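Here is a short report on one protein chain and the pockets in its surface. Have the model open while you read.

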Amino acid sequence: MINKLLSDKPTRLLIIFTSFFVANALIAECIGGKIFSLETTFGLPIHTFTLFGQSGLSYSLTCGVLLWPLEFIITDIVNEYYGPRAVRRISYIAVALISYAFLMFFLSIRTPPAAFWLSTGQPDVPDMQAAYSNIYGQGMWIIAGSITAFLVSQIVDVTVFHRIKRVTGEKRVWLRATGSTVVSQLVDSFIVLYIAFKLGKNWSWQQVLAVCLVNYSFKFTCAIVLTPVIYFLEHRIEKYLGKETTEKMKAAAMGKDDIVAGADVVAG
């Protein structure tokens with residue numbers, strides 16, 4: 001049974017996409033505690049600006065945003081070939097494993113440290129327990145906001161993607177891929193800030209909206225710049241699976257009548 005499943009190319013491809021999707025989401029959550037300067041990264045001077053009355057803003061972003069655009073690319077590819085049900089499945093898997101990972105982080109922080117370990121760090125890290133807790137102990141509001149935003153934005157991405165595709169058909173891949181991403185990332189940016197900082201830290205609405213637009217402008221730019229990656233992946237998938245198989249999979253993903261049994265099993 002397992003050999004038959006693993007010999008099926010669409011199944012193998014879905015396993016690869018699911019594995020990358022979950023790993024990428026988990027890594028993004030783990031590195032999200034670091035804030036970096038986008039301007040400094042590109043060797044540009046930092047110019048602060050004001051939005052909604054909130055001054056002193058610049059492109060200081062969480063490292064997690066570097067990986068999230070890749071999540072939405074995978075979402076669009078899975079949506080294209082396996083349908084919304086498959087996207088929801090891998091999204092639920094990712095949320096469950098991220099939640100599990102944070103539970104393990106929490107428990108590991110709470111375990112009593114060995115006395116000798118506390119001073120085994122570098123000279124500028126005198127307390128390893130404090131350093132460990134700061135790295136892995138993100139606030140519960142941030143965790144709740146991140147997971148909620150991820151799940152809701154995935155559902156929005158799937159919905160917008162298929163609504164655009166019903167109108168455009170197989171044409172304008174860039175429109176449904178980029179369009180669904182820019183909408184879902186706006187939702188993602190707002191929800192995570194609202195839960196983590198409006199509810200969790202009582203930020204003002206001006207702060208929430210200003211930081212949301214800063215983060216979203218970066219995500220929006222990434223969505224546009226990475227659009228050619230969608231075409232590249234679709235080309236490679238068609239070459240790997242064959243034109244006939246990919247056409248049947250796309251039809252099945254849209255819920256059309258010409259669904260072959262094999263594609264239906266994969267999408268389900």
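The second largest pocket of this predicted model has a volume of about 230 Å³. Helix 5 (84-110) and helix 7 each give at least two residues to its lining. Helix 5 supplies the largest share, seven residues. The lining includes Ser99, Phe102, Leu103, Phe105, Phe106, Ile109 and Arg110. Tyr136, Gly137, Gln138, Met140 and Ile143 line this pocket as well.

Ile109 is worth a stop. This residue lines the second largest pocket and is found in helix 5. Is Ile109 buried or exposed? Its relative accessible area is 15%, so Ile109 counts as buried, the cut-off being under 20%. Which residues does Ile109 touch, leaving aside its neighbours within four places in sequence? Its contacts are Gln129, Tyr132, Ser133, Tyr136 and Gly137. Gln129 sits 20 residues away from Ile109 along the chain, yet their C-alpha atoms are separated by 7.8 Å. Tyr136 and Gly137 also appear in the lining of the second largest pocket.

Now turn to the largest pocket. About 680 Å³ of space lies in it. Its lining has 28 residues. Nearest its centre lie Ile35, Thr62, Leu193, Phe197 and Asn215. Several elements each bring at least two residues to this lining: helix 2 (9-31), strand 3 (54-57), strand 4 (60-62), helix 7 (140-168), helix 8 (173-199) and helix 9 (205-225). Helix 8 gives the largest share, five residues.

The table sets out the two pockets.

| Pocket | Volume | Nonpolar lining | Polar lining | Charged lining |
|---|---|---|---|---|
| Largest pocket | about 680 Å³ | 15 residues | ten residues | three residues |
| Second largest pocket | about 230 Å³ | eight residues | three residues | one residue |

Helix 7 serves the lining of the largest pocket with at least two residues. Helix 7 does so for the second largest pocket too.

Step back to the whole chain. There are twelve helices and four strands. How many residues does the chain have, and what percentage of them count as buried? The chain has 268 residues, and 41% of them count as buried. Its C-alpha trace spans about 65 × 50 × 35 Å along the principal axes. The chain exposes about 14500 Å². Carbon and sulfur atoms supply 66% of that area.

One last figure concerns contacts along the sequence. Take the contacts between residues at least 6 apart. Of these, 73% join residues at least 24 apart.

Definitions and conventions. Residues numbered from 1 in each chain as written. Predicted model: local features only at pLDDT ≥ 70, side-chain atom pairs only at ≥ 80, totals over all residues. Heavy atoms only, no water. 1 Å grid on protein atoms, 1.4 Å probe; cavity = no way out; pocket = protein on both sides within 12 Å on 5 of 7 lines; lining within 4 Å. Points joined across faces, edges and corners; volume = space filled by probe spheres on them. Nonpolar A, V, L, I, M, F, W, Y, C, P; charged D, E, K, R; others polar. Buried < 20%, exposed > 50% of the residue type's maximum accessible area, 1.4 Å probe, protein only. Contact = heavy atoms within 4.5 Å. Areas by Shrake-Rupley, 256 points an atom, 1.4 Å probe, with all protein chains shown as cover.
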